[in-house]
Structure formats: structure tokens, C-alpha cells
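Work through the exercises below with the model open. Try each task before reading its solution.

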Amino acid sequence: MIQFVATLHVLGAQALSYLDDQADVLRRARTDRGSITIEQVLWAGAIIALAIGVIGLIQTFVKSESDKIGR
């Protein structure tokens, strides 16, 4: 009988541990909900800034080459 009670106690402890882990997963999912959007906005901003920089470099190069042709 003692072994049966001990087995039930161990199973109960494992079940509580599992439920606590699942509750932590749900809590993290709720708090991290907006972080993906922020990350996407930051990446989009970085890509736009990089594109503006590349366009500026190309414009500068084309202008300097066109000035050489005009001479």
C-alpha cells in the first residue's frame, strides 16, 4: 500500500511540474507577442536605410561620370 501511495505522489509531482512548465510557456508567448513585429520593423528600417545609401552612392557615381563626359 505504501508503494502505491508513493507512486501516486511521484505521479502527482510530475504532473504539477509539467503543468508549471506549460504555464511558463503560455506566459512567455503572451509577453513575447509584440517582439516579432518590432523585430520586423527594425529589419525593414535597416534595409530601407541601406537601399537609400546604395542609391546615393549610385547617384554620386553617375553624376561624377556624367560631368566627365560633359567636359
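**Exercise 1: a pair in the first helix**

Task: Place D24 and R27 in the helix and describe their contact.

Solution.
- Start with position. D24 and R27 both belong to helix α1, which spans residues 2–31. They sit 3 residues apart, about one turn of the helix.
- Keep the source in mind: this is a predicted model.
- Next, the contact. The closest N and O atoms of D24 and R27 are 2.5 Å apart. The cut-off is 4 Å, so the pair counts as a salt bridge.
- Last, exposure. D24 has 31% relative accessibility and is partly exposed. R27 has a relative accessible area of 47% and is also partly exposed.

**Exercise 2: a pair in the second helix**

Task: How many salt bridges does the structure hold? Characterise the one formed by K68 and E65.

Solution.
- The count is 2 salt bridges.
- K68 bridges to E65, with the closest N and O atoms 3.3 Å apart.
- K68 and E65 are both in helix α2 (residues 35–70). Because they are 3 residues apart there, about one helical turn separates them.
- Now classify each partner. Exposed means over 50% relative accessible area, so K68, at 51%, is exposed. E65, at 30%, is partly exposed.
- Background: side chains of opposite charge can pair when their charged atoms come close.

**Exercise 3: overall form**

Task: Compact globule or more spread out? Decide from the radius of gyration of the protein.

Solution.
- List the elements. The protein has 2 helices and 0 strands.
- Compare radii. The radius of gyration is 31 Å, whereas the globule rule gives 11 Å for 71 residues. The value is well over the rule, so the protein is more spread out than a compact globule.
- Check the box. Along the principal axes, the C-alpha atoms fill roughly 105 × 20 × 5 Å.
- Check burial. Of the 71 residues, 0% count as buried.

**Exercise 4: surface and charge**

Task: Which residues form a nonpolar patch on the surface? Then summarise the accessible surface and the charges of the protein.

Solution.
- The patch consists of M1, F4, V5, L8 and L11. Together they have about 560 Å² of accessible area. One of them, F4, lies in helix α1.
- The accessible surface of the whole protein is about 6700 Å². Carbon and sulfur atoms hold 70% of that surface.
- Charged side chains number 7 positive and 7 negative. The centres of these two sets lie 9 Å apart.

Methods
Residues are numbered from 1 along each chain as its sequence is written. This is a predicted model: local features need pLDDT of at least 70, side-chain atom pairs count only at pLDDT 80 or more; totals for chains, interfaces and linings use all residues. Side-chain values use heavy atoms; hydrogens and water are left out. A salt bridge is a side-chain nitrogen of Lys or Arg within 4 Å of a carboxyl oxygen of Asp or Glu. Helices (H or I, at least four residues) and strands (E, at least two) are DSSP runs, numbered from the N terminus. Buried means under 20% relative accessible area, exposed over 50%, partly exposed in between (1.4 Å probe, protein chains only). Patches are made of residues with over 30% relative accessible area and no salt bridge: like charges are joined within 9 Å, nonpolar side chains (Val, Leu, Ile, Met, Phe, Trp, Tyr) within 5 Å. Accessible areas come from the Shrake-Rupley method with a 1.4 Å probe; for residues, only the protein chains shown count as cover. The radius of gyration is taken over C-alpha atoms; the globule rule is 2.2 Å times the number of residues to the power 0.38. Lys and Arg count as positive and Asp and Glu as negative; His and the chain ends are not counted. The place of a charge is taken as NZ of Lys, CZ of Arg, CG of Asp or CD of Glu.
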